[in-house]
Amino acid sequence: MAAFGHADTFIVDVPTIRPHVLAMATMYAQSMVIVRLTDADGIEGVGEGTTIGGLSYGEESPESIKSAIDTYIVPVLETCDLAQIGATMAKVARCVRGNHFAKCAVETALLDMAGKRLGIPVSELIGGGRVRDRLAVAWTLASGDTGRDIAEGEEMLDRRRHDIFKLKIGKRAVPDDVAHVGAICKALGDRASIRVDVNQNWSEAQAKIGMAMLYDVGCDLVEQPIAGDDIAAMARLSGAQAVPLMADEALRGPRTALRIASAGAAGVFALKIAQSGGLFAAAEVAAIGAAAGIGLYGGTMLEGAVGTVASAHVFATLPELAWGTELFGPLLQTEDILREPLAYGDFSLAVPTGPGLGIAFDEDKLACFRRDRTAPTLYPVAAGA
Ligand code: MUC
Ligand code: MG
């Protein structure tokens, strides 16, 4: 039995190393909701709920995630045995509809606690347990400038940090975007896999032309070219285009995964723990994809260390992960909020092996970047996205 002890939920704002230009927002900082749960024995678990660009990516914002946890989820946790994660999250689901990001943050904290209590990593509590210790990690080239992106890609290859690059497009006219991708494929394509993410910004007609042109310039994968709720159009594109279509925003948990798989609407799934509604749900999405012969990719909401490690524990349980992952979120931030930074190298990330998530905060830094900090910060915090 693990009775509820205490909850602390707060927003942390950390600047990005450069503007991150996406179709729907330009990020100058990342805002992460951190939840710290403690049980009556004093065992702590941490979780993270993070989105991109306020409300421009999805239906939950940092502020709504915090509010859903504090106002509606914590009162449920107060009535539960926190050691029973499945039963606790089922009770949360009965009381709170939707709010996948908030639920994912809480489930992460419960799993961290459980892993610490049992002395095993979170990956051993998911599916059949861990099958890999390192994950290939892509980097997103999204400075908004082709020359700068090429230089950044060259640097990443030289440092052996990334050899998979995702380009954010969809903001400019299709031929301009394809010219940008073509230039990067020409410069880096013989040493790296080049993929794009349109973040739903094309119409079906634009996607038809755009995907064909992208295939011709050497692009390997096109992520969410059109609206994620238009599964019929995704199926038409996926069936007709040579370049694989990856579902991202379309995937909101196991039910949407089943619909997309049944419709033949994607060749690849971008798995995201928050969008799926938690770590267990993301593993279910992966199982549906794998059973349907859909390739798997470990996606990110550009989470910081906690969400990134939580995702890594899930992706480490997947026997097939043909497209690698993009778990680079902490590297996009100017500061690391962990005592020991995550171990990136050799084009991959090492999945922590300690109990629970296997990470510990640098409490001073965390205190400095808290939005509700009372003391003056030692670190500069840039304006929001
Ligand atoms: C998305 O839409 O996939 C992932 C990498 C990145 O740069 O943005 C995210 C969100
Ligand atoms: Mg995406």
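Trainee: Where does alanine 2 lie along the chain?

Mentor: This is a predicted model, in which local features need pLDDT of at least 70, side-chain atom pairs count only at pLDDT 80 or more, and totals for chains, interfaces and linings use all residues, while side-chain values use heavy atoms, with hydrogens and water left out. Residues are numbered from 1 along each chain as its sequence is written, and chains are lettered from A and ligands numbered from 1 in the order in which they are written. Helices (H or I, at least four residues) and strands (E, at least two) are DSSP runs, numbered from the N terminus. Against that numbering, alanine 2 lies in the segment before β1 (4-21).

Trainee: Is alanine 2 buried or exposed, and which residues is alanine 2 in contact with, leaving aside its neighbours within four places in sequence?

Mentor: A residue is called buried under 20% relative accessible area, exposed over 50%, and partly exposed in between (1.4 Å probe, protein chains only). Because its relative accessible area is 1%, alanine 2 is buried, and its C-alpha atom is separated by 5.9 Å from that of aspartate 39, 37 residues apart along the chain. Contact means heavy atoms within 4.5 Å, and, leaving aside neighbours within four places in sequence, alanine 2 is in contact with Asp39, Cys80, Asp81, Leu82, Ala83 and Arg117.

Trainee: Cys80 appears in that list; how many disulfides does the structure hold?

Mentor: A disulfide is a covalent bond between the sulfur atoms of two cysteines, and it is counted here when a pair of cysteine sulfur atoms lies within 2.5 Å. Cysteine 80 is buried, with a relative accessible area of 8%, and because its sulfur is 8.2 Å from the closest cysteine sulfur, in cysteine 95, the two are too far apart for a bond. Cysteine 368 is also a buried residue, at a relative accessible area of 11%. For the structure, the number of disulfides is zero.

Trainee: What radius of gyration does the protein chain have?

Mentor: The chain holds 12 helices and 13 strands, and its C-alpha atoms fill a box of roughly 60 × 50 × 35 Å, taken along the principal axes. The radius of gyration is taken over C-alpha atoms, and the globule rule is 2.2 Å times the number of residues to the power 0.38. With 385 residues, a compact globule would have a value near 21 Å, which agrees with that of the protein chain, 20 Å.

Trainee: What percentage of the residues in the protein chain is buried?

Mentor: Among contacts with a separation of 6 or more, residues 24 or more positions apart account for 72%. Of the 385 residues in the protein chain, the buried ones make up 59%.

Trainee: Where is valine 106 placed, and which residues does valine 106 touch, not counting residues up to four places away in sequence?

Mentor: Valine 106 has its place in helix α3 (residues 100-118), where it counts as buried because its relative accessibility is 0%. Its C-alpha atom and that of leucine 37 are separated by 8.2 Å, although the two residues are 69 residues apart along the chain. Not counting residues up to four places away in sequence, valine 106 touches Val35, Leu37, Ile69, Ile73, Leu77 and Met89.

Trainee: Which residues does valine 351 touch, not counting residues up to four places away in sequence?

Mentor: Valine 351 lies in the loop between β13 (348-350) and α12 (363-369), and is buried, since its relative accessible area is 4%. The C-alpha atoms of valine 351 and histidine 313, 38 residues apart along the chain, are separated by 6.7 Å. Not counting residues up to four places away in sequence, valine 351 touches Arg130, Arg132, Asp133, Arg134, Leu135, Ala312, His313 and Ala316.

Trainee: What is the approximate phi of glutamine 224?

Mentor: Most residues other than glycine have a negative phi, and most peptide bonds are trans. Glutamine 224 lies in the loop between β8 (221-223) and α7, and is buried, with a relative accessible area of 0%. Although it is not a glycine, glutamine 224 has a positive phi of about 35°.

Trainee: Which elements do the buried residues of α7 pack against?

Mentor: The buried residues of helix α7 (residues 231-240) are Ile231, Ala233, Met234, Ala235, Leu237 and Ser238. These buried residues of α7 pack against α6 (204-217), β9 (245-247) and α8 (254-263).
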